[in-house]
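Visitor: Could you take me through the salt bridges of this model, looking closely at the charged pairs and at where their partners sit?

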Amino acid sequence: MKNDEVIIICRNRIPAIDTKKSFIKRLFLNLYNIKNKYFLKNISKLKSVKKIKARILYNIEIPEWINNWRFGIFELLNFVLNDKKYVYQPQYDERFFNPTGIPTITAVYIYEFLLRKGYCPISMDNIALYERELKDKLENNPLAVVISATYFMNASEIEELIIIVRKLNKEVPIVIGSSVLLSKLTDEGKLHLEFEKLLIDENIYCILEENGLPTLDKLFRCLKNKQSVNDIDNLVFRNKEKVEYSKRKIDFVDFNNIFPDWSRITELTKGIAFVRTSRGCAFRCKFCTFQKAAMKLEQRSLESVRDELREIKKSGIEYLAFTDDHFAVHPKRIEQICQMMIDEKFDFKWFAGIRSSSITEENVVLLKKSGCKIVNIGIESGDDRMLKLMNKMTTVDGNMRCLELLDKQKITAYGSFMVGFPGETEESINNTINWINNSPLKLYKIYCFYMLPGSIIFDEQIKHNISYFGDKYDYCMWKTPTMDALRASEKLKEFILRVENAGLIYNYSPMYSFFPLFLKGYEADEVVRFFKLRTDLVKNELSDVSWFTKRKLRQAKLNKLKSMLKCSGE
């Protein structure tokens, strides 16, 4: 008889929590690439597809490395706190910053649902935090391992998790789910081949449903009672040599009544609540995969949002992250939610992702009064032609106006930018860099375009004359008439060096970048200074000055960083 323990995994090895073994392996690879001058100087002449991919991935990871060490913002802060010694796994010491100790919204929802249904959920949200515990729990033969696909970019990342679990337990059922999987379906309603291949044995299942929790419960009951799963809707599983798809059925779920009981999970949340006021997206950006997963925008009633926030307030939680694809898309909706929060005197400190077109002179004042500290804006480009190609439905002037309104209210704006979308040129990249330098943007994230199944651009490859290194599909190995993935990845270094005033955020999503610092007592302006100092360190490493000058500047920046810290690792 299986026990009722269910292990929940929503993320893989975020680099901040590398094990010593994997860290040294990555470090060796990085040093090898740096020292192999032939490799770096003659990459365009190399014919090996694997070598080209290694160079692309190396370029993408450049912002992580300072003096041959892997330093995101929290690794860097911990390094300073620990007398300039690298902290490999800070989760076991409260003196240090631990960004991945904060659970994802999917982990919270799954955990609370399973708890309510009588199971014994175990949140190992990020495997890197729980390597020791995972081995022990899998030896105890839990009921299942649940993997949420929400935060994985491609099938290979999920495959790595499956391999880790299977090495420790050959038979434990593994359930993969997330509305994101709906974006990985072909026109025939089948998963793309790379996702079908995840079903390597008969004890691995995929749930194809936007809200798959009820189906998860049905599956677990069948597994406990050793019953057939054939009659469970929205399930994909392997039956010997064949992948089976059960009947697709869309069940109505009242979005107003599915939020968790926050009083039961206060300890799990680490003082932060994740709230959705809407699901789906009204827009169709061509690079995004969510447009297939959630075709219709659905907004919760204002009363429902208010009731959940009241429960969160009673639980003593101070920080909120609104995790909508776009928080309050319409300007009027922003006014309503913010005014409700002001009237209720919640006094939350909160973050949200917004569209620039939703911000007005009227509602930006309410954003400030209701406790908004930082907003994320998917700006993507400072070139109107590129925004039109992406189908962003925004303009460079509209984005600039939004940033100016936010800056006037002292709300920190964080912008994300993409390099390499089909049609990208040297000129459009220059326009984006110049646009950032002329804006009041405080923080930014830059990333390379990926060709992902489920996106509109993926379905338009022939139209845009897209091909691949080696003539075989690979999400990061694309080629277009105006730019290829290798050139786009090489532009990251130039991008970072030329952006003058904004701080670079690398690796973490906004909520995992900011909230660990908020929980330590830092304000938004202090958070910005941390990121700007780290950016100065990255620029120093990428510059062409002498080793001696780099060392001197690095030491000065580290000393300044240490003077800003409120806690000590000693």
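Guide: In this predicted model, Lys135 and Glu139 are a suitable place to begin, because the two residues lie four apart in helix H6 (residues 131-139) and are thus separated by about one helical turn. Their side chains meet in a salt bridge, with a nitrogen-to-oxygen distance of 2.8 Å, and Lys135 is partly exposed, its relative accessible area being 41%.

A spacing of four residues, again about one turn of the helix, is found for Glu112 and Arg116, both of which belong to helix H5 (residues 105-116). The side chains of Glu112 and Arg116 form a salt bridge at 2.7 Å, N to O. Glu112 has a relative accessibility of 2% and therefore counts as buried, the limit being under 20%, whereas Arg116, with a relative accessible area of 45%, is partly exposed.

A further salt bridge joins the side chains of Lys442 and Asp407, at 2.6 Å from N to O. This pair links distant parts of the chain, 35 residues apart, since Lys442 lies in the loop between helix H17 (426-437) and strand E17 (443-448), while Asp407 lies in helix H16 (residues 396-408). Lys442 counts as partly exposed at 26% relative accessibility, and Asp407 likewise counts as partly exposed, at 32%.

Beyond these pairs, salt bridges also connect Glu426, Arg487, Glu490, Lys491, Glu494 and Arg498 into a network. Taking a side-chain nitrogen of Lys or Arg within 4 Å of a carboxyl oxygen of Asp or Glu as the criterion, the count comes to 24 salt bridges.

Key:
Residues are numbered from 1 along each chain as its sequence is written. This is a predicted model: local features need pLDDT of at least 70, side-chain atom pairs count only at pLDDT 80 or more; totals for chains, interfaces and linings use all residues. Side-chain values use heavy atoms; hydrogens and water are left out. Buried means under 20% relative accessible area, exposed over 50%, partly exposed in between (1.4 Å probe, protein chains only).
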